[in-house]
Amino acid sequence: MAPAQRCSICRQTFFCGRGHVYSRKHQRQLKVALERLLPQVEAARKATRAAQVERYVPEHERCCWCLCCGCEVRKHLSHGNLTVLYGGLLEHLASPEHKKATNKFWWENKAEFQMKEKFLISPQDYARFKKSMVKSLDSYEEKEDEVIKEMAAQIREVEHSRQEVVRSVLEVGTSSASLASVCLFSQVASASQQPSYLDLPPAPELDWMETGQPLTFIGHQDTPGVGNIHSGATPPWMVQDEEYSSGNQQIGPSYEEFLKEKEKQKLKKLPPDRVGANFDHSSSTGAGWLPSFGRVWNNGRRWQSRHQFKTEAAARNKQHPRKKG
């Protein structure tokens, strides 16, 4: 029996030796795994023609799993606030270590020989990518400089407009101040020439009862003995009512009512068809309300109750003898 071996593609242990890599299941799983990695390699291969440079974002820290090397590889290459797309993956695919691991992986898993070149980057392609990366970085810096210059021009334009607004406001303020001073001087001069109001005779008081006036005087509305807020009296909204003036008034139900209501709530939880549910506990009862049936309420032995019952029955018979037919 062959020793146990572990297959990383199928993720299981097998005991059939090298024959496992030729099985249909292994080849199917191998094809699925390679097709999962192939789109990322193809996108990186397209980047060798024209490198793309973007501003760094946290999403550029993503990694991909290299099936041949069995390790994680950074997909993009970041430095500072700039990121070269697929730079890290291309660097790994063009390395001698990846080429050696790919040859070993293809030999151990018996993959298709034609697909091996799709997962390798030649040194010539990687050198072309580096030249394209340098050009892309230069063009990106030029674009950034142009953007900075445009932003600086906008800032200068906004600052210039702000200064113009401030200058116009100051000019309007100085002109209005001079105009106000001239108006004030003219008002003082005219006031000195007009007669004083102290020398004028007092205005006659109007008689409200005089006929021909549009208003009607209805008399004073003061209530005798009661002041108002103008005479220093307490406002009506601060005067306490007589029914609330005493502090002994009880608020809410009394303690007895509370106990009665509590007892009613307890009785509601009991079954309504129970014995004695309709009994009126408030009704008055005498001492002989209990029925007489065999002296079960007496103390003592049963034979004593039986003899006592027979004695009372004989006494009743003597008092009311039965008529014999």
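**Note on the predicted model**

1. Tyr86 lies in the loop that joins β7 (82–84) to α2 (87–93). The model under discussion is a predicted one. The backbone of Tyr86 deserves a remark: its phi is near 60°, a positive value in a residue other than glycine. Most residues other than glycine have a negative phi. Is Tyr86 buried, partly exposed or exposed? With a relative accessible area of 22%, Tyr86 is partly exposed, because the buried class ends at 20%.

2. Lys110 also calls for comment. Its phi is near 55°, which is positive in a residue other than glycine. Lys110 is located in the loop between α3 and α4 (123–193). The relative accessible area of Lys110 is 23%, and the residue is therefore partly exposed.

3. On the overall layout, the protein chain contains seven helices and seven strands. Read from the N terminus, their order is β-β-α-β-β-β-β-β-α-α-α-α-α-α. The protein chain has 325 residues, of which 18% count as buried.

4. Confidence should be kept in view when the model is read. The protein chain has a mean pLDDT of 76, and 71% of its residues reach 70 or more. Which elements mark the lowest and the highest mean pLDDT? The lowest among the elements of the protein chain, 53, belongs to helix α5 (residues 242–245), and the highest, 90, to helix α3 (residues 96–109).

5. Helix α1 spans residues 24–47 and has 24 residues. From its first C-alpha to its last it reaches 35 Å, close to the 34 Å expected at 1.5 Å a residue. Where in α1 does a kink lie? A kink of about 30° is found at Leu38, shortly before the proline Pro39. Leu38 is also one of the buried residues of α1. The other buried residues of this helix are His26, Leu30, Ala33, Leu34, Leu37, Val41, Ala44 and Ala47.

6. How many salt bridges does the structure hold? It holds four. In one of them, Glu61 pairs with Arg74, and the closest N and O atoms are 3.0 Å apart. This pair links distant parts of the chain, with Glu61 in the loop between β3 (53–55) and β4 (63–66) and Arg74 in strand β5 (residues 71–74), 13 residues apart. Glu61 counts as partly exposed at 38% relative accessibility, and Arg74 counts as partly exposed at 37%.

7. Helix α4 contains a salt bridge between Arg128 and Asp125, which lie three residues apart, about one turn of the helix. The N to O distance of this pair is 3.3 Å. Arg128 has a relative accessible area of 43% and is therefore partly exposed.

8. Arg162 and Glu159 also lie in helix α4, three residues apart, about one turn of the helix. Their salt bridge brings the closest N and O atoms to 2.5 Å. What is the exposure of the two partners? Arg162 is partly exposed, with a relative accessible area of 46%, and Glu159 counts as partly exposed at 33% relative accessibility.

9. Which residues make the nonpolar surface patch of about 330 Å²? Tyr255, Phe258 and Leu259 make this patch. Tyr255 is part of helix α6 (residues 255–268). Its relative accessible area is 55%. Tyr255 is therefore classed as exposed, because the exposed class covers values over 50%.

10. Lys100 belongs to helix α3, the element of the protein chain with the highest mean pLDDT. Lys100 is exposed, at a relative accessible area of 65%. How far apart are Lys100 and Cys69 in sequence and in space? The two residues are separated by 31 residues in sequence, and their C-alpha atoms lie 9.0 Å apart in space.

Definitions and conventions. Residues are numbered from 1 along each chain as its sequence is written. This is a predicted model: local features need pLDDT of at least 70, side-chain atom pairs count only at pLDDT 80 or more; totals for chains, interfaces and linings use all residues. Side-chain values use heavy atoms; hydrogens and water are left out. Helices (H or I, at least four residues) and strands (E, at least two) are DSSP runs, numbered from the N terminus. The expected span of a helix is 1.5 Å times one less than its number of residues. The bend at a residue is the angle between axes fitted to the seven residues ending there and the seven starting there. Buried means under 20% relative accessible area, exposed over 50%, partly exposed in between (1.4 Å probe, protein chains only). pLDDT is the predictor's confidence in each residue, from 0 to 100. Patches are made of residues with over 30% relative accessible area and no salt bridge: like charges are joined within 9 Å, nonpolar side chains (Val, Leu, Ile, Met, Phe, Trp, Tyr) within 5 Å. Accessible areas come from the Shrake-Rupley method with a 1.4 Å probe; for residues, only the protein chains shown count as cover. A salt bridge is a side-chain nitrogen of Lys or Arg within 4 Å of a carboxyl oxygen of Asp or Glu.
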